Amino acid sequence: MVQAGGEQAAAGWLRRIEKVREDVRRQHATRIRELSQALDEAWRMLDEARPPGTDRAADTLRAAHSDLRRAR
């Protein structure tokens, strides 16, 4: 009987842990979306202020971070 109670307690802890993991994953996904949108906006502003081909430093940044930029 004691073992059954221990199993129930363990199962309860596993449920709690999984709930926390789901919550953290959701929070991280939300934060990643927010940061991605902010980064996209920053690139748009840079592209407007320094169109490709008009500023060597900006073009260097574009090339260095091309893997991080979303496809247009």
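With a relative accessible area of 31%, E18 is partly exposed, a class that lies between buried (under 20% relative accessible area) and exposed (over 50%), judged with a 1.4 Å probe and protein chains only. The structure described here is a predicted model, in which local features need pLDDT of at least 70 and side-chain atom pairs count only at pLDDT 80 or more, while totals for chains, interfaces and linings use all residues. Residues are numbered from 1 along each chain as its sequence is written, and side-chain values use heavy atoms, with hydrogens and water left out.

E18 is a good place to start, as it leads to a charged partner. R25 and E18 form a salt bridge in which the closest N and O atoms are 3.6 Å apart; the term stands for a side-chain nitrogen of Lys or Arg within 4 Å of a carboxyl oxygen of Asp or Glu. R25 is partly exposed, its relative accessible area being 48%. Across the whole structure, a search finds nine salt bridges.

Another of these contacts joins the side chains of R31 and E34, with 3.1 Å from N to O. Because R31 and E34 are three residues apart in helix α1, about one helical turn separates them. Helices here are DSSP runs of H or I with at least four residues, numbered from the N terminus. Both ends of this contact are partly exposed: R31 has a relative accessible area of 46%, and E34 has 40%.

Helix α2 (residues 56–64) offers a further example, as it holds both R62 and D59, three residues apart and about one turn of the helix from each other. The salt bridge between R62 and D59 brings their closest N and O atoms to 2.8 Å. R62 is buried, at 9% relative accessible area, whereas D59 is partly exposed, at 27%. The two residues also belong to a network of salt bridges that links D47, D59, R62 and R69.

The surface has a nonpolar side too. W13, L14 and I17 form a nonpolar patch with about 360 Å² of accessible area together, where areas come from the Shrake-Rupley method with a 1.4 Å probe and, for residues, only the protein chains shown count as cover. Patches are built from residues with over 30% relative accessible area and no salt bridge, joining like charges within 9 Å and nonpolar side chains (Val, Leu, Ile, Met, Phe, Trp, Tyr) within 5 Å. Within this patch, W13 lies in helix α1, which spans residues 2–49, and W13 is exposed, at 55% relative accessible area.

Methods: Helix = DSSP H or I, 4+ residues; strand = E, 2+ residues; numbered from the N terminus.
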